[in-house]
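Thank you for making time this morning. I would like to walk you through one structure, slowly, and I will begin as soon as it is on the screen.

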Amino acid sequence: MPSPIVVMGVSGSGKSTVGAALAQRLRVPFADADDFHPPENIAKMTAGHALDDDDRYPWLEAIGEWLAQHPDGGVMSCSALKRVYRDQLRQHRADIEFLHLAGSPETIGRRQASRPGHFMPAALLASQFETLEPLEPDEQGVAIDVDQSIDSIVDSYIATTNT
């Protein structure tokens with residue numbers, strides 16, 4: 001059974017773009033975690049307020065359920081910033097692999113500036129970096145620098161994981 005893949009990172013790191021490209025390359029379904037947010041979460045973020053763990057819990061449950069419903073693999077873009085969030089997802093599928101799109105605040109800030117109209121305002125980027133807990137050695141996954149082409153990121157991930 002192929003492992004599901006969660007493309008993780010702060011807002012603006014390219015999770016949706018890379019996730020869609022990776023899913024296409026692997027010929028598996030793709031979903032964007034942004035589509036799983038309840039309206040109250042989107043309203044809170046649009047107003048410039050960071051989500052708390054209580055806001056994230058039902059959202060992560062819905063994402064975990066999607067991952068569990070795809071036994072033949074799938075790719076989900078999801079920030080998954082904290083270990084506890086990734087652990088919650090693993091409760092649905094223990095074999096999840098993570099692709100952490102890593103980059104400096106400056107690089108991500110430039111990317112965010114090119115996305116007008118997204119519900120996550122650039123002002124919340126600092127809070128995303130403060131919240132981010134990189135993958136730990138016991139977690140299945142890799143971190144790849146976002147400051148390269150989408151194809152290069154996908155190629156690097158596939159080469160690293162032998163997917």
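**Strand 1 and its surroundings**

Let me start with a single pairing, in which Ile5 stands opposite Glu97 in strand 4. Please keep in mind throughout that what you see is a predicted model. That pairing belongs to a set of four bridges that join strand 1 to strand 4, and these two strands run parallel. Strand 1 is also joined to strand 3, by three bridges and again in parallel, and here the bridge partner of Ile5 is Val75.

Now look at which way the side chains of strand 1 point: Ile5 and Val7 go one way, Val6 and Met8 go the other way, and all of them are buried. If we follow Val6 and leave aside its neighbours within four places in sequence, we find it in contact with Leu67, Met76, Cys78, Ala80, Leu89, Ile96, Glu97, Phe98 and Leu99.

That brings us to the largest nonpolar core, which has 37 residues, and Val6 is among those with the most contacts inside it, as are Leu22, Ile63, Met76, Cys78, Leu89 and Leu99. Several elements each supply at least two residues of this core, including strand 1, helix 1, strand 4 and helix 7, while the largest share, five residues, comes from helix 3. As a general point, nonpolar side chains in soluble globular proteins tend to be buried together.

Not everything buried here is nonpolar, however, and I would ask you to turn to Lys15, whose place is in helix 1. What does a buried lysine such as Lys15 have around it, if it has no salt bridge? The nearest side chain of opposite charge, that of Asp34, is 6.4 Å away, but the side chain of Lys15 does reach the backbone oxygen of Gly9, at 3.2 Å. Not counting residues up to four places away in sequence, Lys15 touches Val7, Met8, Gly9, Val10, Ser77, Cys78, Ser79 and Leu101.

Finally, consider Glu133, which lies in the loop between helix 6 and strand 5. Glu133 counts as partly exposed because its relative accessibility is 32%. Although Glu133 and Ala80 are 53 residues apart in sequence, their C-alpha atoms are 8.9 Å apart in space. Beyond its neighbours within four places in sequence, Glu133 is in contact with Met8, Leu81, Lys82, Arg83 and Arg86, and in the case of Arg83 the backbone nitrogen lies 2.9 Å from a polar atom of the Glu133 side chain.

Technical notes. Residues numbered from 1 in each chain as written. Predicted model: local features only at pLDDT ≥ 70, side-chain atom pairs only at ≥ 80, totals over all residues. Heavy atoms only, no water. Core = buried A, V, L, I, M, F, W, Y, C linked by side-chain atoms within 4.5 Å. Buried < 20%, exposed > 50% of the residue type's maximum accessible area, 1.4 Å probe, protein only. Contact = heavy atoms within 4.5 Å. Pairing = 2+ DSSP bridges. Polar contact = N/O pair within 3.5 Å; in protein donor to acceptor, adjacent residues only side chain to side chain. Lys, Arg positive; Asp, Glu negative; His and termini not counted. Salt bridge = Lys/Arg side-chain N within 4 Å of Asp/Glu carboxyl O.
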